[in-house]
Amino acid sequence: MDRLPESEVEVGIDAESAAGPLSAPEFLLDARAVMAAVETVIDGKRDVIELATTVLLAEGHLLVEDVPGVGKTMLARALAKSVDCTVNRIQFTPDLLPSDITGVSVFNQVARDFEFKPGPVFANILIGDEINRASPKTQSALLESMEERQVSVDGLTYELPDPFTVIATQNPVEMEGTYALPEAQRDRFMARISMGYPDAANEAAMLRQREKGSPLEELRPVVTIERLRQMILTVREVFVSPAVEHYVVAIAAGTRADRELRLGASPRATLQLVRAAKARAALDGRDFVLPDDIDALAVPVLAHRLMPAKSSGSGYGREALAEIAARIVKSTPVPLGASGTA
Amino acid sequence: MALTEVRTAPRAAGVGPARRGSRLRPGEGRWAQALLVAAALAAALAGLHVTLQGLSWWFVGTAYAASVLLAAALTRSLVRSAFWPPIVSLAAGVALLTLGYAADTALLGIIPTPATLARFGTLVNSGVTSIVEQRVPATPELGIVLLIAVLMVVCAWAADLALATRHPALIAAPLAAILVVPMAIKPGLADAFWYLVTAALYLAVLRIGRRRDSRRVVLVTGGILVLGSLLLPYALPGVDARDAPRVSGLRTGLNPLISLGDDLRRGDPMLALSYTTSAQEPVYLRLTTLETFTGETWGPIVGSAQGGDLTRFPAPTGLGGATPYDEATVDVTVSDVITNWLPAPYPTTSVTGLTGEWFWEPDGLTVRSVETGARGQRYQASFLELAPTSAQLAVATSRDAPAGTLELPDGVPEIIPQTAHAVADGAASSYDKALALQTYLRSEPFEYSEQAPVDEGFDGSGMDALAVFLDRKVGYCVHYASAMAVMARELGIPSRIAVGFQPGDRQFADGSNVYSVSTDDLHAWPELYFDGIGWLRFEPTPGRGAVPDYGTQPVDDPNTPQDESSPTPSALPTSATDARGDRDETPQTPEQLAAQQGASALVSLGVLAAVLLVALTPAGFRAAVRRGRIRRIRQGGDAAAAAWEEVRDTARDVGWSAPESETPRTFAARIAAELGAEGAIGAFRGHVEANAYGRPDAAALSPAELAAVRREILRSADLRTRLRAFLLPPSLLYRWRPDDR
């Protein structure tokens, strides 16, 4: 990555971070270290790990959706553990209350005042297991903190640590005892991925590995929290050309105009798509975003926000929406210059 | 992923209908297309206005075409079948034609019976005859309108079929079939405006139906249209000069007088016949005589008797024993006249050497045939060279006029009898009156012109045309002959008009005089009747033919050489030389032929150059586009877009798809896979990406690099593909026919 000299002296936005953005080799070294660490736990899921890392570096939240037992939680925990930062995990259940997440104000008899007891949400990485088992009220408490990156309890606002990333897992909506996330709340997740079953060789390898004990126990952090902040800063610096902006806007417009969709991509979706694309570009060693980044991320970033035109009974599921999103991306002309002409 | 596979089946089923929904719904644009096709057919038909009078035929033809298209479109909206609409529309067309033209012969007025077919046959025949016979613009008679209706029904049906089979480009064929009609009838008449309107509507039809057509059909049709419109003007006159019947009016056996002017004006004369004769004077060979003057035109006596014995003709009408004559023969070889009349002298006594069935008509002693044509016949005709004496002529009266030869219709314009009496009243005898008329018409200020009457709108032999002719004093043989015949009747001298050939040019060959008669020697002259002598030929047309020696003034001008085939200067007004000069355009000498060949070689070169120009136009256009892009690359700005468009167009030129929705990286990877190597395109793609999407400080693109990529792509194609990429680059069509995305 060819950094301009002045960008090196730029002071980080975060007060704690003394250092500026990283150079390309430094960034790639650390990013690959994180991915390699996660890969020791999750075998043969390179693309999923890459996407999860992309979301983490793009300051987004990740929704991992799949049937039980394919390693959703394992992925979340491995990613969290490979970075030396505070990690909390919430197992969502139907009887979980909002205060169980955000924390409560309790009356301190000594100080004769209310004292705030922070909940598990106060962490750099929050693992929300089976988020769709919680009641909508509880879900929304988490989702507010995801968007605002702060918690309001009894009229007082508490900042969440930086960076703050939620990695939520959920079972497919068809499963028993689940509350589907409303679209407004799904919209807050930067990307949705599904794990998928491991292939035969990887599953066999996993069997052998697990006999000796969980590899997760042996996972040690490979980057510090400061380093992670620097990496995030590096991603923010990635250049987005007007042509790519045009392209993203055109894709979003395409989803809004499509006859098969009742709800297209929100402006937040375009914003997050560009952010994720910047992270992907950085992970690819580039300092500018290509339309290819957009193409690669459009489906995981957009698909879970779309709503099909017909009732979502059995007609449209994840795959159908992903197909629609892919079709729209494939039919949008790629601009080649600032003028927007293709 | 087993999980997704498990779910694929039901969901895929759910996706199906949604996909169908995104496609073009069947029937969208069908009505618009049918309307456009109807408009295009109507516009093409309107091009016929140069050949037909009035507008009624246009409404009829358009209505029939629209009915067929409407029937097809209605059926298509009711029945989802590819089979029925063409059947129904054709049936509708036939039923409407039956209803319109032969309802009384058909069952329920619309179901054709054998009688209907017979009726149609008759009508079509009369239509064809009428087309051949009439002068352009013709009167739209029933037969002609029926032909137009049939043409429109067939063309509309064919156009609908082309649409139904999703080849809208093919409607060019029926449109061209209609457009070519005026050109075939009279090249140079075609109205370019309606041609252009039709072309525009055709393009509109293509635009609506575009996704359905293969690119090749469009290319081929477009090429044919462009080339055709460029070359047709060159091709058509040639077709006309060689293949069209030369003396069209003669062929029908009806009335050659009407088309005589057209035949004379056609230009580019050809040898009609040649003859040798034992007669003293050059011979006028007659085709037919016209005795009935209707006021509009001259016509033959209908229903005259006929006889088959060509060795013994009846005695000439009115010829008495006192008139001296010489017997003479003429040997005729007909080369290029298409006619059912035999060119024969008057009065013929016998004809030998003919093939086919021929018969004579007693009134005019003309020889004709129903089946056989005169073309190619060689025959000998014996005839009488009448030499009435001056004394005979001086006392000749016209009391025993044959029936109808003195009749004049009502309403003859005043100027005709006025002129006749002013000219001839001083003359003593009937013959002197006739001579006075002839002398008057042959002298100043009368002028010979084939074109002036047409330009000034008094072409023809009718009374009104004659009135204008006598005022303007300019015209050609039809006017002079008709004027003299009508004025003779005013003066009480029976008259008729003969149509045939003037003597032609005399050449001395093989020890005898050979007369060559060209199609420009086609002529009309009056014959006047005198008791005891019969019909005598007169020559009132200045500059044409030879004045008969009994017709010259024996007292005034006794020394005039009268046996000259070409008129002598002393006997003729100056305009005579002009008239001859016109006809001398006939290429006869080797020099003239060489000049003509040179000219045609020039024309061929011109055509070749035009073809080359047309063929290279796409290549030139493509090169201009490329140069424009290289300039954009040099200037910066949208250099990346220009460069990558050029790469994509090059790929399209060699037949690869290059959708605009493909990122440079994906496209380059695909091309690299096609080429089997990363090569220059990989590096170039990197530079283009940095320029298009990178920070503004990216290194400028180099046209040399682009050229290398182009070479790499072009080299991968075979020679044929490269040739096509050069001559007909598919990328030029990309704007109108984008790849499927």
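**Exercise 1.** Find which residue of S6(A) stands opposite Asn88(A), and place the two strands in their sheet.

*Solution.* Asn88(A) stands opposite Leu126(A) in S6(A); strands here are DSSP runs of E with at least two residues, helices are runs of H or I with at least four, and both are numbered from the N terminus. The model is predicted, so that local features need pLDDT of at least 70 and side-chain atom pairs count only at pLDDT 80 or more, whereas totals for chains, interfaces and linings use all residues. Residues are numbered from 1 along each chain as its sequence is written, while chains are lettered from A and ligands numbered from 1 in the order in which they are written.

Next, take the pairing, for which DSSP must find at least two bridges between two strands: S3(A) and S6(A), residues 125-129, pair in the parallel sense over five bridges. Then widen the view to the open sheet, whose five strands follow the order S3-S6-S9-S1-S10 in chain A with parallel pairing. At its edges lie S3 (87-91) and S10 of chain A, each of which pairs on one side only. From one strand to the next the twist averages 15°, where angles run from 0 to 180 degrees between N-to-C directions and axes are lines fitted to C-alpha atoms, for helices over the stretch in contact.

**Exercise 2.** Determine which strands are joined to S1(A), and whether its residues are buried or exposed.

*Solution.* Begin with S9(A), residues 165-170, which runs parallel to S1(A) and is joined to it by four bridges; there, Leu62(A) stands opposite Ile167(A). Continue with S10(A), residues 191-193, which is also parallel to S1(A) and joined to it by three bridges, with Ala191(A) as the bridge partner of Leu62(A). Finally, examine the two faces of S1(A), residues 62-65: Leu62(A) and Val64(A) on one side, and Leu63(A) and Glu65(A) on the other, are all buried (20 or more other C-beta atoms within 10 Å of the residue's own, against 12 or fewer for exposed and in between for partly exposed, with C-beta atoms placed from the backbone).

**Exercise 3.** Describe how H2(A) and H10(A) pack, and which residues meet.

*Solution.* First, the geometry: H2(A), residues 24-41, and H10(A), residues 225-236, pack at an angle of about 120° with their axes 11 Å apart. The two helices are therefore oblique to each other, since angles under 35 degrees count as roughly parallel, over 145 as roughly antiparallel, 65 to 115 as roughly perpendicular and the rest as oblique. Second, the contact, which requires C-beta atoms, placed from the backbone, to lie within 7 Å: Phe27(A), Asp30(A) and Ala31(A) of H2(A) meet Arg227(A), Met231(A) and Thr234(A) of H10(A).

**Exercise 4.** Work out which strands stand at the edges of the sheet S6-S9-S8 in chain B, and why one side of each is left without a neighbour.

*Solution.* This open sheet has three strands, and its pairing is antiparallel. S6 (341-342) and S8 (359-361) of chain B stand at the edges and have a single partner strand each, so one side of each is without a neighbour in the sheet. For the pair S6(B) and S9(B), residues 366-368, two bridges join the strands, which run antiparallel, and Leu342(B) has Val367(B) as its bridge partner in S9(B).

Key
Two residues are in contact if their C-beta atoms, placed from the backbone, lie within 7 Å.
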